[in-house]
Every structure is written in structure tokens, then in C-alpha cells.
Number of protein chains: 2
Amino acid sequence: MYSQINKNISRYVTFEPKELEIFNSLLEYKTVLKKTIMLQEGEMCSFEAFVIKGCVRKYYIDANGLEVILQFAIENAWVSDISFSIYEDNPSSVYIETLEDCEFFLFSPETKEELFAKAPKFERAFRILMQRSLAVTQDRLFNTISKSATEKYLEFLEHYPTLSQRVAQHYIASYLGISAEFLSKVRTKIAKL
Amino acid sequence: MYSQINKNISRYVTFEPKELEIFNSLLEYKTVLKKTIMLQEGEMCSFEAFVIKGCVRKYYIDANGLEVILQFAIENAWVSDISFSIYEDNPSSVYIETLEDCEFFLFSPETKEELFAKAPKFERAFRILMQRSLAVTQDRLFNTISKSATEKYLEFLEHYPTLSQRVAQHYIASYLGISAEFLSKVRTKIAKL
DNA sequence: CGCATGCATTGAACTAGGACAAGAAATGAA
DNA sequence: TTCATTTCTTGTCCTAGTTCAATGCATGCG
């Protein structure tokens, strides 16, 4: 049960069995049905979730109701809702929704602190995790700015080959920052080649 | 001399004077002239720089030569070149260039490890720093996708009021993901209101 | 089984922003 | 001060992507 997450957390930092035991004892296991919005605004902030099985999307909605998907998380990925609206005048909100029936390990802010207190080496693991997320997000920002819709879609297929089978097209469009209709046109153009 | 950086690093974590002493002793002070490209590809990777004075831009260049500015860093900001090309087939490269004469405190990867070994609490501070960078980058990604050029420019002015005086327009355009010419048109349109 | 709702496709009309080019203004070096 | 280089502006034309229908397809649900 814990082997998946232990392998993941040990990717950049090596832990003693005892440390992993502490880690595992603090995890909360949870199953969530498809199409559930997990994040009720304000209720549980700054949580960290590890996807054991399933698929979720994390998205923001701006003042005009526009939805932008910032992340898909599938097996062995982490999702967190690190609060984002740094600029107070700009209250866009974070949502995390399951797209399939899911299994998670969850950390509340408190248990995370408990973990760091009992096994400080995890601070390091989470720092590196954050750093990787940052690298991925910067990559995405760069692609969003510099690539055409077709290029973005082809790269998406390459990097997330399974996802295009698992989630609806219009979610992929939202992730790529293009309209669902245009993605459809891009796809038929690609198919004709 | 160290008060600026000590205040910054203590923002989310409280340190003992002794810890700050260790921190300060490991910092490398460096001045760099205007218009210097600090990051020669591959030479010094994963460094962390704290801007004491001046202004730098961090940017990527894609396969077609297009430049995208991912960050401006001014006084009291950190810049790092956390490697970004996760996808090996896609060798876009990171550059960091000073736009003004600058003063820095620098960390090499080795001295950073030394710091973590001698004063592990800094691991926490850097984790939180990373987390904030991630939040800022996600915010930027969201804005890039969901806002018009005019909106993006107005928000830029609001959030970085001094920067528009300090750096060339076409750099701001590159940061916002629009062409320099179009930014100029946006500006004249705004001025007429 | 039939119906309803959401999803993908396609087309037509429109627009935000890009690319190119040429001139004006500013900056800076000698 | 002058010349050169870079930056900014403005105009024209062009295109990638949007918006708004309308239609056909699935899929799930009573």
C-alpha cells in the first residue's frame, strides 16, 4: 500500500525505514468519487495530495468566470493548492476536481508540520518536490507563450500520452490555453497529414 | 551589509543569530556590470542569487531563437536557474542577464549543501521560498492564458510600478508574452483614455 | 428502451495581436 | 557636438485563434 508513495518520496532523498514509517503513519488515505470538487474554498487550505490512483484537474476561475486548468495529476503525482492569489485585489480561486474515481494519500498542513518536526529530512524532500513543480510550471509558461496551438498539442501528446485517452478534449484545450473548438480543428488538421 | 538578506530569509522562518552567522559566512558577494550575461550555459548550474542592488532578467530562448523573459529580479529578490528542460528532446536554454549594475549574494550548489548540513533550518526557508516562486509562476501562467494584452500590462504596472521605469519596453513585452510593437499600441491607447 | 445532457465537429464571420517596414526619439560613446 | 545604435512609435496588411451557431455523436440514466 505504501510502496508507491515511498518510492516517490525517496526519489531525491534517501530515507531510513524508520523515517518512512513515521511518514506513512501520518498519511490519511481517502477515496473520492469521480466528478467531485475536493476543494471547498477556504475550508482546507494548503493541503498536499498524492494520487495513488485516478486523475484530477486543478484549475482557477477568474473574475469573468473563465476556467484555466493549471495541472492534471495522475498516478504518482502530487497536487496541492498552495495559495496563489498573492495579489489580494485579484481573488481568483483554486479548484481541485476528480475526473475519475480516485485514491489519495493526504497531508493536512498540521500533519505536514508534525512530519517535519519528527523527521526533518522530509523538509528537504518537499523542497525538491517544490523545485521540480516550479521547473515544470516555468516550462509550461514558456511553451504557452512561445508555441503555436498545434505545437502545444503535439507536445502534450508526447509528454502525457495516456492523458489524451483519459480526459475530455475540452479540458486539454483549457490546459493548453486554447478554445475547445480550435483544438478540434487542430486535431482534424493533424489527422489529415 | 547582511541586514537586507537576513531580513529576507527570516520572513517565514525565525533564525538564531548563530544560524544567520553561518548563513552570512557562506555567502559570496559579487558585483556585476550592466548588460552582462551571468549564466554561461552549463558552467554554473543551479545557483541561487540574491539581488542586493540592481535588476536582472531571466529568460529562455527556444529552438527558433525566440526569447521569453520568465522573471525580472530586483532588490531583495532571488533568481535561480533551476534547470528547466525536463524534456530532454527540447533543449531550450536559460540565460540570466544584468540590466543594471548589480550587487549580489551568491550560493553555489556546494555552499548551499554546506549550509543545509550546518543549519538544517534553512532547508525549510528555501522550501517556502520555492513554494512562493511556484505560486507567483502559476499566477503568471494563469494571467498569460486568461487576460488580454491591455489587462496584462495594466496589472504589470500595478504589481511592479518601479520596473516600467527601469527596464526597456520591449523587455516588458517579452515578459507579458506580446510583441514590442503591440505593447506600444496598447500604451498609446491607454494614454488616450 | 428512449430520452437528455454533455461532447466533439464543422463552418462562417470576426478580432486580437503579429510581422514587416519606416521614421522619430532617445541614449551613449568618441 | 556629432554620429551610431538602440528604443519607441505608427501604419498597413495578414493570420492564428475566437465566438457563435448548428449538427451529429455518445453516454448515462430513468
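Which residues are the closest to DNA strand D? The exercises below work from that question outwards. The model is predicted: local features need pLDDT of at least 70, side-chain atom pairs count only at pLDDT 80 or more, and totals for chains, interfaces and linings use all residues. Residues are numbered from 1 along each chain as its sequence is written, and chains are lettered from A and ligands numbered from 1 in the order in which they are written.

**Exercise 1. Describe the surface near DNA strand D.**

Step 1. Set the cut-off: a residue is near a strand if its C-beta atom, placed from the backbone, lies within 6 Å of it.

Step 2. List the residues. DNA strand D is surrounded by 15 residues. The closest are Ala149(A), Ser179(A), Phe182(A), Gln169(B) and Ser184(B).

Step 3. Assign elements. Helices (H or I, at least four residues) and strands (E, at least two) are DSSP runs, numbered from the N terminus. Two or more residues each come from α8 (180-192) of chain A and from α7 (169-176) and α8 (180-192) of chain B. α8(B) gives the most, six residues.

Step 4. Sort by class. Ala, Val, Leu, Ile, Met, Phe, Trp, Tyr, Cys and Pro count as nonpolar; Asp, Glu, Lys and Arg as charged; the others, Gly among them, as polar. The surface near DNA strand D has five nonpolar, six polar and four charged residues.

**Exercise 2. Repeat the analysis for DNA strand C.**

Step 1. DNA strand C has 15 residues around it. The closest are Gln169(A), Ser184(A), Thr188(A), Ser179(B) and Phe182(B).

Step 2. α7 (169-176) and α8 of chain A, together with α8 of chain B, each supply at least two residues. α8(A) gives the most, with six.

Step 3. The classes are five nonpolar, six polar and four charged.

**Exercise 3. Work out how α7(A) and α8(A) pack.**

Step 1. Fit the axes. They are lines fitted to C-alpha atoms, for helices over the stretch in contact, and angles run from 0 to 180 degrees between N-to-C directions.

Step 2. α7(A) and α8(A) pack at about 100°, with their axes 8 Å apart. That makes α7(A) roughly perpendicular to α8(A). Angles of 65 to 115 degrees count as roughly perpendicular, under 35 as roughly parallel, over 145 as roughly antiparallel and the rest as oblique.

Step 3. Find the contacts (C-beta atoms, placed from the backbone, within 7 Å). Gln169(A), His170(A), Ile172(A), Ala173(A) and Leu176(A) of α7(A) meet Ala180(A), Leu183(A) and Ser184(A) of α8(A). These residues divide into five nonpolar, three polar and no charged.

**Exercise 4. Treat α2(A) and α3(A) likewise.**

Step 1. Helix α2 (residues 17-26) of chain A packs on helix α3 (residues 109-118) of chain A at an angle of about 165°, with axes 10 Å apart. α2(A) is therefore roughly antiparallel to α3(A).

Step 2. Ile22(A), Phe23(A) and Leu26(A) in α2(A) meet Thr111(A), Glu114(A), Leu115(A) and Lys118(A) in α3(A). The contact has four nonpolar, one polar and two charged residues.

**Exercise 5. Characterise the side of chain B that touches chain A.**

Step 1. Count. 33 residues of chain B are in contact with 33 residues of chain A.

Step 2. Locate. β4 (67-73) and α4 (121-146) of chain B each supply at least two residues of this side. α4(B) gives the most, with 19 residues.

Step 3. Classify. The side divides into 17 nonpolar, ten polar and six charged residues.

Terms used: Contact = placed C-beta atoms within 7 Å.
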